[in-house]
Amino acid sequence: MGNLILCHDRHAAHPYEITRIHCRIFTIEELCYYLCNNLYLIDYTIMNEQLCDWLEEELGMDRLAAELRDVLRLRGSVEKFVITILKSSKIYREPEMIRIQNVLEHLKNQKDIERQKYKGDNLLESGEVEEAILVYHAILNGEKDESVDDKFYGGVYAGLGAGYGRLFLYQEAARMYDRAYQLTGDKSLIKPYLYASYKYMSLEEYHILITKQDEYMEINAQMRREIDEIKKEVPEEIGPEYLEKWKRQHRRNHS
């Protein structure tokens, strides 16, 4: 049974507008929801006297407004401002607050485009693959940011490779991994590239691919040895629990 959350009963007569995305907020729950779902986009624009006035006048949250004004007066961080709001709402349990604080700490000194990639990486890690792919594509389809280098964009392509691989779209995955390798020169990307290629190519096509470079041949041989080792570990009668465990491990190794 889930924990009950006591919601506040105050509803603003006049909404607060998040100008960056033209979002209108009527309650403290809506404000917290916006903050928690946009941690990767939060910047100094959310930190202002107007929000303090709105909380005080529209929601009657005088104490919170005063605490936020203290943060402004002392020139505190955006992270401190956001955490003060979330803690005051008492909506989130301690483990969730710790997670939010960790994310904000990681994002503190990052550029907007780096925050976007971090969002995609976290979505991918949490299993929200389609959403992660959308974030990665938004980065690549946007205007090129000269403040980051090719290795950064290579990391975005690598994330796409992992995402497509988890959706079993191996041809797209291979294409993304190849692009990532061209941009970064990271040899650890060759293995997932070859694995994805093997999964969608014919045996003849795959053989032609691995003979193009000695390094491909070496990594392919390494992959075959790993598969042989796995086969030795698999019992003759495979139970469903063991099989599921092996599948999870296999996906982690090749994504």
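**Why these words? A tour of the model**

Guide: Welcome! Let us start at Arg75, found in the loop between helix H3 (62–73) and H4. Please keep in mind that this is a predicted model.

Visitor: What makes Arg75 count as exposed?

Guide: Its relative accessibility is 78%. The word exposed is used over 50%, so Arg75 counts as exposed.

Visitor: And what is the phi of Arg75?

Guide: Phi of Arg75 is near 55°, which is positive in a residue other than glycine. Most residues other than glycine have a negative phi.

Visitor: Which residue just after H8 takes a positive phi?

Guide: That is Phe168, with a phi near 65° in a residue other than glycine. Phe168 sits in the loop between H8 and helix H9 (170–184).

Visitor: Is Phe168 buried or exposed?

Guide: Exposed, because its relative accessibility is 53% and the cut-off is over 50%.

Visitor: Let us step back into H8. How do you know that H8 is largely enclosed?

Guide: By counting: 13 of the 17 residues of H8 are buried, so the rest of the structure largely encloses this helix. Gly159 lies in H8 and is buried, because its relative accessible area is 8%, where buried means under 20%.

Visitor: Which residues is Gly159 in contact with, leaving aside its neighbours within four places in sequence?

Guide: Gly159 is in contact with Leu124 and Tyr136. As for Ala173, its C-alpha is 9.4 Å from that of Gly159, and the two residues are 14 apart in sequence.

Visitor: What span is expected for H8, and what does H8 reach?

Guide: H8 covers residues 150–166, and the expected span at 1.5 Å a residue is 24 Å. From its first C-alpha to its last, H8 reaches 25 Å, close to that value.

Visitor: What happens at the start of H8?

Guide: There, a side-chain oxygen of Asp149 comes to within 3.2 Å of the backbone nitrogen of Lys151.

Visitor: Why is helix H10 called largely enclosed?

Guide: Because eight of the eleven residues of H10 (residues 190–200) are buried. Among them are Ile190, Pro192, Tyr193 and Leu194.

Visitor: Now to the pair H1 and H4. Why is H1 called oblique to H4?

Guide: Two packed helices are described by the angle between their axes and the distance between the axes. The axes of H1 (residues 28–37) and H4 (residues 78–89) come within 10 Å and cross at roughly 135°. That makes H1 oblique to H4, because roughly perpendicular ends at 115 degrees and roughly antiparallel needs over 145. H1 passes H4 in a left-handed crossing.

Visitor: Which residues in H1 and H4 meet?

Guide: On the H1 side they are Ile28, Leu31, Cys32, Leu35 and Cys36, and they meet Val82, Ile85, Leu86 and Ser89 in H4.

Visitor: What makes Glu29 count as buried?

Guide: Glu29 lies in H1 and has a relative accessibility of 19%. Buried means under 20%, so Glu29 counts as buried. Its C-alpha is separated by 9.3 Å from that of Leu86, although the two residues are 57 apart along the chain.

Visitor: To finish, how many helices and strands does the protein have?

Guide: The secondary structure comes to 13 helices and two strands. Of the 255 residues, 39% count as buried. Among contacts with a separation of 6 or more, 51% involve residues 24 or more positions apart.

Notes
Residues numbered from 1 in each chain as written. Predicted model: local features only at pLDDT ≥ 70, side-chain atom pairs only at ≥ 80, totals over all residues. Heavy atoms only, no water. Helix = DSSP H or I, 4+ residues; strand = E, 2+ residues; numbered from the N terminus. Expected span 1.5 Å × (residues − 1). Buried < 20%, exposed > 50% of the residue type's maximum accessible area, 1.4 Å probe, protein only. Polar contact = N/O pair within 3.5 Å; in protein donor to acceptor, adjacent residues only side chain to side chain. Axes fitted to C-alpha atoms, helices over the stretch in contact; angles between N-to-C directions. Parallel < 35°, antiparallel > 145°, perpendicular 65-115°, else oblique. Left-handed = near helix turned anticlockwise from the far one by under 90°. Contact = heavy atoms within 4.5 Å.
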